[in-house]
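Biologist: Could you show me how to read helices and sheets in a model? Short answers, please.

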Amino acid sequence: MPQPSPRDRFLDLLRAALRDGTMEKLTLGKYRGRDASLENLYVRPVTLKSGHHLGFLWRHATRDVTKNHPPEAAVVELEALIGASFLDAHLFTTGQSAQLECQPDGVARLRIKQASANSGPEAPPVPLSLAHDRPKSHLISADAPWLKALGVTNPRGQPREGMADKFRQIQKFAELFSHLLDDSGLAREVAERKRPPLQVVDMGSGKGYLTFALAAVLGERAIVRGIELRPELVDLCQRVARENRLTARLSFSAGSIADSHVDGCDALIALHACDTATDDALARGVACAARLLVVAPCCQKELRSQLTAAPVLAGALRHGIFQERQAEFVTDALRAQLLEWAGYRTRVFEFISTEHTARNLMIAGIRSGAGGDAAAAEQIREFAAFYGIRHHRLATLLKFPLVET
């Protein structure tokens with residue numbers, strides 16, 4: 001009897017993980033289909049009101065598309081994609097990981113690695129037949145003691161009054177950061193022990209909600225440091241980290257974004273750093289060649305007084321709200337372009353629905369080269385000239401002249 005092919009064995013592992021409730025996530029890469037903008041597909045178990053589904057996150061160059069499918073329909077779609085549209089598939093379960101690598105000529109290789117015995121206790125698997133009876137799963141448990149200590153959840157593990165949006169924001173950030181870590185290649189390098197634990201810095205960590213979330217998601221794979229200007233918040237976060245025995249891999253220090261040392265940083269985040277503080281954070285990340293940069297800008301005021309848009313827009317821009325939104329767009333578009341010039345593959349997307357927060361734009365950059373492309377530089381200068389911009393904080397910090405002399 002012929003032996004099953006590597007692809008068939010991989011699909012058998014996928015079906016078994018779904019049947020046993022042990023699947024954590026599935027990543028498909030090396031896309032070779034017709035959609036030039038499509039990069040990856042990420043699949044995770046999700047629990048909806050209608051029962052257990054698989055959430056498909058289609059990662060495009062400039063946007064994400066999310067769709068949920070019942071398990072049976074999801075498997076049918078995945079069978080058609082794996083080894084055809086996507087040549088690389090990586091399955092993670094509670095007990096092992098499996099990677100299928102296919103060549104265009106049909107040759108395939110399957111590698112299986114057992115989960116580390118030192119990875120800590122796992123939650124018991126939940127079969128699909130029982131999935132609709134369990135509460136909605138999150139990357140970060142609602143029962144996490146640090147969530148209670150920071151006032152996000154109550155002793156019963158439920159969001160406190162007025163903190164439901166914050167709880168959603170924390171969960172969404174954890175999910176997004178996990179995907180970005182996969183995209184950057186850092187997650188795989190750590191999993192394969194090709195590098196020491198990641199050095200992750202949260203610039204302007206505030207009360208530490210997302211800094212603790214980083215530590216929870218990354219676990220022993222990273223050392224996380226929060227930098228915050230207000231000493232009282234640093235003291236609070238240090239105390240919570242100490243009481244939860246997290247200080248071996250999580251710490252907080254007082255300082256400004258512009259003056260803090262981040263040498264050796266692999267991933268840098270700065271969420272809702274006000275106005276040019278976002279630029280300071282990005283510049284620090286670029287200077288230390290961080291592989292991953294993640295920012296959620298806030299209060300983009302610097303360029304508003306400089307903007308001199310085309311005369312045809314004058315009538316619309318007499319309204320203050322449009323001026324404000326234009327300033328936000330121009331500021332963040334310029335940031336994204338400058339990061340690309342500096343050697344980062346950049347994506348801009350909504351962090352979380354505006355229903356939960358108005359400050360929902362996120363810029364992510366993954367280091368992909370040395371930067372300095374002349375065509376990118378010319379495009380930036382044309383963009384700046386169109387809006388009459390002569391000075392921009394990030395351009396100054398990156399020593400990029402917006403106006404050629």
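**Helix pairs and sheets**

Biologist: What kind of crossing does α1 make as it passes α2?

Modeller: α1 passes α2 in a right-handed crossing. That means that the near helix is turned clockwise from the far one by less than a right angle; anticlockwise would be left-handed. This is a predicted model, where local features need pLDDT of at least 70, side-chain atom pairs count only at pLDDT 80 or more, and totals for chains, interfaces and linings use all residues. Residues are numbered from 1 along each chain as its sequence is written, and side-chain values use heavy atoms, without hydrogens and water.

Biologist: How are two packed helices described?

Modeller: By the angle between their axes and the distance between the axes. Take α1 (residues 6-20) and α2 (residues 71-81): they pack at about 160 degrees, with axes 11 Å apart. Axes are lines fitted to C-alpha atoms, for helices over the stretch in contact, and angles run from 0 to 180 degrees between N-to-C directions. Helices (H or I, at least four residues) and strands (E, at least two) are DSSP runs, numbered from the N terminus. α1 and α2 are therefore roughly antiparallel. The cut-offs are under 35 degrees for roughly parallel, over 145 for roughly antiparallel, 65 to 115 for roughly perpendicular, and oblique for the rest.

Biologist: Which residues make the contact?

Modeller: From α1, R7, L11, L14, R15 and L18; from α2, V75, L78 and E79. Contact means heavy atoms within 4.5 Å. By class, this contact has five nonpolar, no polar and three charged residues. Ala, Val, Leu, Ile, Met, Phe, Trp, Tyr, Cys and Pro count as nonpolar, Asp, Glu, Lys and Arg as charged, and the others, Gly among them, as polar.

Biologist: At roughly what angle do α4 and α6 cross?

Modeller: Roughly 45 degrees, and the axes of α4 (residues 164-184) and α6 (residues 209-218) come within 10 Å. That makes α4 oblique to α6. α4 passes α6 in a right-handed crossing. Among the contact residues are F173 and F177 of α4 and L214 and V217 of α6. The classes are eleven nonpolar, two polar and one charged.

Biologist: Now sheets. How do strands of a sheet pair?

Modeller: Through backbone hydrogen bonds, either parallel or antiparallel. One open sheet here has seven strands in the order β4-β3-β2-β1-β5-β6-β7, with antiparallel pairing. Two strands pair if DSSP finds at least two bridges between them. The edge strands are β4 (64-69) and β7 (108-114). Seven bridges join β6 (residues 96-102) to β7, and Q96 stands opposite Q114 in β7. α2 packs on this sheet, its direction making about 35 degrees with that of β3. α4 lies across β1, β2 and β3.

Biologist: In what order do the strands of the sheet with mixed pairing stand?

Modeller: β10-β9-β8-β11-β12-β14-β13, again as an open sheet of seven strands. β10 (250-254) and β13 (344-350) each have a single partner strand, so one side of each is left without a neighbour in the sheet. The twist averages 15 degrees from one strand to the next. Four bridges join β12 (residues 292-298) to β14 (residues 361-367), which run antiparallel. V295 stands opposite I363 in β14. α7 (residues 231-243) packs on the sheet, touching β9 (222-228) and β10. α9 packs there too, touching β12, β13 and β14.

Biologist: What should the 22 residues of α9 span?

Modeller: At 1.5 Å a residue, α9 (residues 320-341) should span 32 Å, and its end C-alpha atoms are 32 Å apart, which agrees. The expected span is 1.5 Å times one less than the number of residues. Just after α9, G343 takes a positive phi of about 105 degrees.
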